[in-house]
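Please look through the structure below before reading on, and keep it open beside the text. The report moves from the whole chain to its interior and then to single pairs of side chains.

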Amino acid sequence: MLPSDAETSGSGAVGVVRKLLVDGVAMVRLLGPQDRFLTTIEKEYPSVAVHVRGNEVTLTGPTASVDAVIRLIEELQALLRTGADLGEAEVSTSARMLGADSGSSPSTVLGQAILTSRGLTVRPKTLGQSNYVNAIDENAIVFGIGPAGTGKTYLAMAKAVQALQRKEVDRIILTRPAVEAGERLGFLPGSLTDKIDPYLRPLYDALFEMMDPELVPKLLAAGTIEVAPLAYMRGRTLNSAFIVLDEAQNTTPEQMKMFLTRLGFGSQMVVTGDITQVDLPAGASGLRLVTKVLDGIDDIAFVRLTSADVVRHSLVGRIVDAYTEYDAQKQAQRYESEQARDFASRAPHQGNPRDRTPKRRSS
């Protein structure tokens with residue numbers, strides 16, 4: 001982006017007017033299809049009017065807001081130079097990162113390529129996802145906890161494939177508990193393998209997306225990649241492997257302990273789950289308990305992703321926030337009801353004994 005001489009005019013509510021010159025090809029990518037990215041910028045900075053004519057961008061608004069949009073456009077340009085595909089999520093995330101003044105450069109954080117395969121480049125799309133990826137690089141066991149759509153499993157799979165390609169590990173092991181979400185295994189048709197397959201299908205889908213589809217069956221047959229239910233991990237020691245446990249909120253405390261103690265030499269574990277979506281019929285979730293038991297231990301990291309890290313449709317983030325608020329209200333109501341019930345149960349026995357008048361004995 002080549003900035004022209006900044007022009008300042010007006011004062012008060014109008015603020016400043018500044019013009020920027022952007023390379024023609026870069027301008028097309030910066031605006032996005034049907035100027036969607038431009039619309040996103042205007043939503044993030046409603047006080048700034050953005051006008052594009054040819055390869056010239058005119059910004060009008062308060063000085064601080066106009067400066068913020070200029071920084072955003074510069075970061076988006078730098079992000080495009082890294083080869084990243086620009087989307088509405090990247091525009092919004094970059095704006096939030098700059099607004100939060102986190103000290104992180106959006107182009108550096110979002111331009112970090114994890115894996116490139118078949119024209120697909122996997123990158124973190126939010127600051128939370130970047131912290132998650134960095135934690136995997138720096139710790140032997142990482143717990144990625146957050147709502148649906150935050151990339152917990154997808155990024156863990158990408159790091160597993162990356163580790164295998166770099167020969168940092170000899171095999172990849174992908175596992176998840178086969179817990180029924182409204183159905184029972186016995187009612188599903190086919191053999192045991194056929195019954196379990198629907199639970200493991202998301203892991204297969206990610207594998208075929210990140211690797212050569214013709215290579216995946218060969219690696220599965222050779223045991224270089226293993227996809228199996230969590231129950232199959234018992235009694236094993238997993239050396240030189242990258243192990244991913246998905247849907248960990250559906251593990252019992254005993255299963256979680258069993259899984260974590262499978263860690264062998266030269267291995268790495270990533271555990272993903274959403275503690276708000278537990279399908280266990282009864283009892284505590286192993287994922288919820290482990291956050292208390294292992295918190296603070298060296299070489300173990302807990303990364304908590306939020307609705308701000310959702311990279312699916314923007315509506316998903318709002319859905320997550322709505323359910324989170326609803327759950328918080330229900331929990332507060334439940335607490336108030338328990339307090340009222342507890343108070344009512346103690347009320348008949350309360351009172352000052354001195355205030356009670358003793359009965360006179362009859363003579």
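What follows is a report on the fold, the cores, the aromatic pair, the salt bridges and two loop residues.

**The chain as a whole**

This is a predicted model, and its chain has twelve helices and twelve strands. Buried residues make up 44% of the 363 residues in the chain, while the chain exposes about 20200 Å², of which carbon and sulfur atoms supply 51%. When contacts between residues at least 6 apart in sequence are considered, 67% of them join residues at least 24 apart.

**The nonpolar cores**

In soluble globular proteins, nonpolar side chains tend to be buried together. The largest nonpolar core here has 36 residues, and the members that touch the most other members are Tyr-132, Leu-174, Leu-207, Met-211, Ile-225, Val-227 and Phe-242. Several elements give two or more residues to this core, among them helix H6 (127-138), helix H7 (152-165), strand E8 (171-176), helix H8 (192-210) and strand E12 (300-304). Which helix gives the most to this core? The answer is H7, with eight residues.

Leu-174 can serve as an example of a well-connected member, as it is one of those that touch the most other members. Leaving aside its neighbours within four places in sequence, Leu-174 is in contact with Met-157, Leu-203, Leu-207, Glu-226, Val-227, Ala-228 and Val-244. There is also a second, separate core of 32 residues, which includes Ile-41, Val-48, Val-69 and Leu-110.

Helix H10 offers another view of packing. Met-256, Met-258, Phe-259 and Leu-260 are buried in H10, and the buried residues of this helix pack against E7, E8, E10, strand E11 (268-273) and helix H11 (286-293).

**The aromatic pair**

A pair of aromatic rings is described by the distance of the centres and the angle of the planes. The structure holds one aromatic pair. The ring centres of Phe-143 and Phe-302 are 4.6 Å apart and the planes stand at 10 degrees, so this pair is stacked. Because Phe-143 lies in strand E7 (residues 141-145) and Phe-302 in strand E12, the pair ties together parts that are 159 residues apart in sequence. Phe-143 has 0% relative accessibility and counts as buried, and Phe-302, at 16%, counts as buried as well.

**The salt bridges**

Side chains of opposite charge can pair when their charged atoms come close. The count for this structure comes to seven salt bridges, and the table gives three of them.

| Salt bridge | N to O distance |
|---|---|
| Lys-125 and Glu-90 | 2.7 Å |
| Arg-176 and Asp-246 | 3.8 Å |
| Arg-176 and Glu-247 | 3.1 Å |

The pair of Lys-125 and Glu-90 links distant parts of the chain, since Lys-125 is in the loop between strand E6 (120-122) and H6, whereas Glu-90 is in helix H4 (residues 88-100), 35 residues apart. Is each partner buried or partly exposed? Lys-125 counts as partly exposed at 31% relative accessibility, but Glu-90 counts as buried at 6%.

The other two pairs share a partner, and Arg-176, Asp-246 and Glu-247 are linked in a network of salt bridges. Arg-176 lies in strand E8 and Asp-246 in the loop between E10 and H10, so their pair ties together parts that are 70 residues apart in sequence. Glu-247 lies in the loop between E10 and H10 too, and its pair with Arg-176 therefore ties together parts that are 71 residues apart. Within this network Arg-176 counts as buried at 9% relative accessibility, Asp-246 is buried, and Glu-247 counts as partly exposed at 26%.

**Two loop residues**

Asn-250 has its place in the loop between strand E10 (241-245) and helix H10 (253-260). At 4% relative accessibility Asn-250 counts as buried, because the limit for buried is under 20%. The side chain of Asn-250 reaches the backbone nitrogen of Asp-279 at 2.6 Å.

Pro-62, in turn, is found in the loop between strand E4 (56-61) and helix H3 (63-81), and it is partly exposed, with a relative accessible area of 32%. Although Pro-62 and Val-17 are 45 residues apart in sequence, their C-alpha atoms are 8.9 Å apart in space.

Notes
Residues numbered from 1 in each chain as written. Predicted model: local features only at pLDDT ≥ 70, side-chain atom pairs only at ≥ 80, totals over all residues. Heavy atoms only, no water. Helix = DSSP H or I, 4+ residues; strand = E, 2+ residues; numbered from the N terminus. Buried < 20%, exposed > 50% of the residue type's maximum accessible area, 1.4 Å probe, protein only. Polar contact = N/O pair within 3.5 Å; in protein donor to acceptor, adjacent residues only side chain to side chain. Core = buried A, V, L, I, M, F, W, Y, C linked by side-chain atoms within 4.5 Å. Contact = heavy atoms within 4.5 Å. Phe/Tyr/Trp six-rings, centres within 6.5 Å; stacked < 30°, edge-to-face > 60°. Salt bridge = Lys/Arg side-chain N within 4 Å of Asp/Glu carboxyl O. Areas by Shrake-Rupley, 256 points an atom, 1.4 Å probe, with all protein chains shown as cover.
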